[in-house]
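Me: Could you walk me through a few features of this model? I'd like to see the reasoning behind each one.

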Amino acid sequence: MPRRTVEKVEAELAEFLAENAPELGDRLPPERELAARLRCSRETLRKSLDNLEKRGDIWRHVGQGTFRGPRPRYLPTRETLLVEGATPPDLMRARLVLEPQVAAEAARRVDKSDVTHLWSLVAAGRIAKDRSDAEQADDAFHRAMAQATRNPVLIGFLNYLSGARRRATWQRQWDRTYRRLGVDEFRTLHSDQHGRVVEAVAAADPEAASSAMVEHLNTIMSAMSRD
């Protein structure tokens, strides 16, 4: 089968919708049949369908199929689309809602091994060589804070937010911020703030841990909003 571009298949899919599924709610054929009709690979077809779904031309439901039109309001939006549509301010506000409570819960549940691990991550942040090192150290610290809660739901939420931080819109603004601030700010101010969170967690002080995390996240949000 000759290789066909996503753009070409996407255009042909739009024509197919107009001719074969003109009404909102019309069901499209299964992916295997669509790929055969359009003479493309399943991978190319799925990328084209992803693009159409982002535009609201179709919606998909696992186990039910693909349908013409935007997703009905009563159905949940797919997580990948939520992440891709999130702006950096959206993400930071979500972190401000969740992560202070994660730090507070860590203070209630933490043990000596958790504290030792958290301090090691603060130390790693202080010796970050470049932006990539700083970002990895920061991500590891916030994940470890969730792991200290021993709550799989909170760990899952933090992993979800971590994935969102890898999206293109976040990375572009993050890069601009760190080019302006420089890695030194992460090695000093941000690492100092991480340290204050750990001190509160180690002291089993949920209120102080939450406050320290709020201070840290507000620092990040303020820096990003200046770009």
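Reply: Happy to! Let's begin with a definition: angles under 35 degrees count as roughly parallel, over 145 as roughly antiparallel, 65 to 115 as roughly perpendicular and the rest as oblique. Please keep in mind that this is a predicted model.

Me: How are H5 and H10 oriented to each other?

Reply: The axes of helix H5 (residues 88-109) and helix H10 (residues 183-202) cross at roughly 40 degrees and come within 8 Å. Angles under 35 degrees would count as roughly parallel, and 65 to 115 as roughly perpendicular. The two helices, H5 and H10, are therefore oblique.

Me: How do the residues of the contact of H5 with H10 divide into nonpolar, polar and charged?

Reply: H5 brings Ala103, Ala106 and Ala107, while H10 brings Val197, Ala200 and Val201. Ala and Val count as nonpolar. The contact thus has no polar and no charged residues, and its nonpolar residues number six.

Me: Is arginine 60 buried or exposed?

Reply: Arginine 60 sits in strand E1 (residues 58-61). Its relative accessibility is 14%, and buried means under 20%. So arginine 60 counts as buried.

Me: Which side chains make a polar contact with the side chain of arginine 60?

Reply: One polar contact, of 3.0 Å, links the side chain of arginine 60 to that of glutamate 53. Another, of 2.4 Å, joins the arginine 60 side chain to that of aspartate 50. The names you want are glutamate 53 and aspartate 50.

Me: Is the aromatic pair of tryptophan 59 and phenylalanine 67 stacked or edge-to-face?

Reply: The model has one aromatic pair. Tryptophan 59 and phenylalanine 67 lie 4.6 Å centre to centre, with 20 degrees between the planes. Both residues, tryptophan 59 and phenylalanine 67, are buried. Planes under 30 degrees apart count as stacked, and this pair is stacked.

Terms used:
Residues are numbered from 1 along each chain as its sequence is written. This is a predicted model: local features need pLDDT of at least 70, side-chain atom pairs count only at pLDDT 80 or more; totals for chains, interfaces and linings use all residues. Side-chain values use heavy atoms; hydrogens and water are left out. Rings of Phe, Tyr and Trp (its six-membered ring) pair if their centres lie within 6.5 Å; planes under 30 degrees apart count as stacked, over 60 as edge-to-face and the rest as tilted. Buried means under 20% relative accessible area, exposed over 50%, partly exposed in between (1.4 Å probe, protein chains only). Helices (H or I, at least four residues) and strands (E, at least two) are DSSP runs, numbered from the N terminus. A polar contact is a pair of N or O atoms within 3.5 Å; within protein, one must be able to donate a hydrogen and the other to accept it, and residues adjacent in sequence count only if both atoms are side-chain atoms. Axes are lines fitted to C-alpha atoms, for helices over the stretch in contact, and angles run from 0 to 180 degrees between N-to-C directions. Contact means heavy atoms within 4.5 Å.
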